Amino acid sequence: MRTFVIGDIHGGLLALEQVMQRAEVTTEDTLIFLGDYVDGWSQSVEVIDYLIDLKTKQKCICIRGNHDQLALDWLENRHDDFDEEMWYKHGGKATVEGYAKISSDKKRAHIEFLENLQDYYLDDQNRLFVHAGFTNLNGVKWEYFSKLFYWDRTLWETALSLDPKLKEDDLNYPKRFSVYKEVYIGHTPVTRIGKTVPVNKACVWNVDTGAAFRGPLTILNVDTKEYWQSEPLNELYFNEKGRN
């Protein structure tokens, strides 16, 4: 049995199928998906179909991403705190077009899937899996605003700026980085710092390798840190824009 974590997919079913094959995933393995299944490439609907089916075959933990929540808000006609025009420009267009082609029954099944996504997952080794981050110094159980689990960028920005020479017992060491053994996130693609492979800073592992744009999708073994990647998504979907 192995445990894998998978970065942001953004409608790229072809990439998801590739990494599953390349990592030789079996039904004995546990899969932890970090969110953002939709918005970007043309197969958001198919990605959710794939995940719904996969959950019937093996242990899958599906975390809520900000784009998943945006899609759910749109599907449920909630517009109070939702800039639909902005969402449309940042990948929502492909999702809207995908849902225009499916039955009302399938749409209801997808709404149920999205409603039941987890804000985070904490395993028995004190490893945290969350889409974006958290802000409370004592950890996720004390977070006041749950939206921060899928919108926060300060955890990753702080990890990037942290002096690697700073020791954990130093008074200036950020307390957030001493709560968990490891933290696995997506949300902010490492392509922003010129990388296309998982990046580890302090206890934080960022597995979003830019699949929404011109990067590959990544699956990583959380125990060994071995990882496998798809082809760049703009090559798999060569006739589409994605979020570029």
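This tour moves through a predicted model, from the whole chain to its two sheets and then to its packed helices.

**The whole protein**

Begin with everything displayed. The protein holds eight helices and ten strands. Its radius of gyration is 17 Å, close to the 18 Å that the globule rule gives for 244 residues, so the protein is as compact as a globular protein of that length. Along the principal axes, the C-alpha atoms fill a box of roughly 55 × 45 × 35 Å.

**The sheet that contains β1**

Next, select strands β1, β2, β3, β9 and β10. In what order do these five strands lie? The order is β3-β2-β1-β9-β10, in an open sheet with mixed pairing. Colour residues 60–62, which are β3, and residues 227–229, which are β10. These two strands stand at the edges with a single partner strand each, so one side of each is left without a neighbour in the sheet. From one strand to the next, the twist averages 15 degrees.

Now keep residues 3–6 and residues 30–33. The former are β1 and the latter β2; the two strands run parallel and are joined by four bridges. To find one pair of partners, select F4 in the sequence: its bridge partner in β2 is L31.

Add residues 13–22 to the display. This is helix α1, which packs on the sheet and touches β1, β2, β9 (218–221) and β10. The direction of α1 makes about 140 degrees with that of β10.

**The sheet that contains β5**

Hide the previous selection and show strands β4 to β8. Here too there is an open sheet of five strands with mixed pairing, and its order is β4-β5-β6-β8-β7. Residues 120–122 form β4 and residues 199–201 form β7; these are the edge strands, and each pairs on one side only. In this sheet the twist averages 15 degrees from one strand to the next.

Select residues 127–130, which are β5, together with residues 182–185, which are β6. Three bridges join these strands, which run parallel. R127 has E182 as its bridge partner in β6.

**Helix α1 against α2**

The remaining stops are pairs of helices. Two packed helices are described by the angle between their axes and the distance between the axes.

Return to α1 and add α2. The axes of α1 and α2 come within 9 Å and cross at roughly 35 degrees. Show the side chains of L13, L16, E17 and M20 in α1, which meet E46, V47, Y50, L51 and L54 in α2. By class, this contact of α1 with α2 has seven nonpolar, no polar and two charged residues.

**Helix α2 against α5**

Keep α2, residues 44–54, and add α5, residues 104–115. These helices pack at an angle of about 70 degrees, with their axes 11 Å apart. The angle makes α2 roughly perpendicular to α5. The crossing of α2 past α5 is left-handed. Which residues form the contact? From α2 come V45, I48, D49, L51 and I52, and they meet K106, A109, H110, F113 and L114 of α5. The residues of this contact divide into seven nonpolar, one polar and two charged.

**Helix α3 against α5**

For the last stop, hide α2, keep α5 and select residues 66–75, which are helix α3. The axes of α3 and α5 come within 10 Å and cross at roughly 135 degrees. The two helices are therefore oblique to each other. Their crossing is left-handed. Display D68, L72 and L75 of α3 with K107, I111, L114 and E115 of α5, which make the contact. The contact of α3 with α5 comprises four nonpolar, no polar and three charged residues.

Definitions and conventions:
Residues are numbered from 1 along each chain as its sequence is written. This is a predicted model: local features need pLDDT of at least 70, side-chain atom pairs count only at pLDDT 80 or more; totals for chains, interfaces and linings use all residues. Side-chain values use heavy atoms; hydrogens and water are left out. Two strands pair if DSSP finds at least two bridges between them. Axes are lines fitted to C-alpha atoms, for helices over the stretch in contact, and angles run from 0 to 180 degrees between N-to-C directions. Contact means heavy atoms within 4.5 Å. Angles under 35 degrees count as roughly parallel, over 145 as roughly antiparallel, 65 to 115 as roughly perpendicular and the rest as oblique. A crossing is left-handed if the near helix is turned anticlockwise from the far one by less than a right angle, and right-handed if clockwise. Ala, Val, Leu, Ile, Met, Phe, Trp, Tyr, Cys and Pro count as nonpolar, Asp, Glu, Lys and Arg as charged, and the others, Gly among them, as polar. The radius of gyration is taken over C-alpha atoms; the globule rule is 2.2 Å times the number of residues to the power 0.38.
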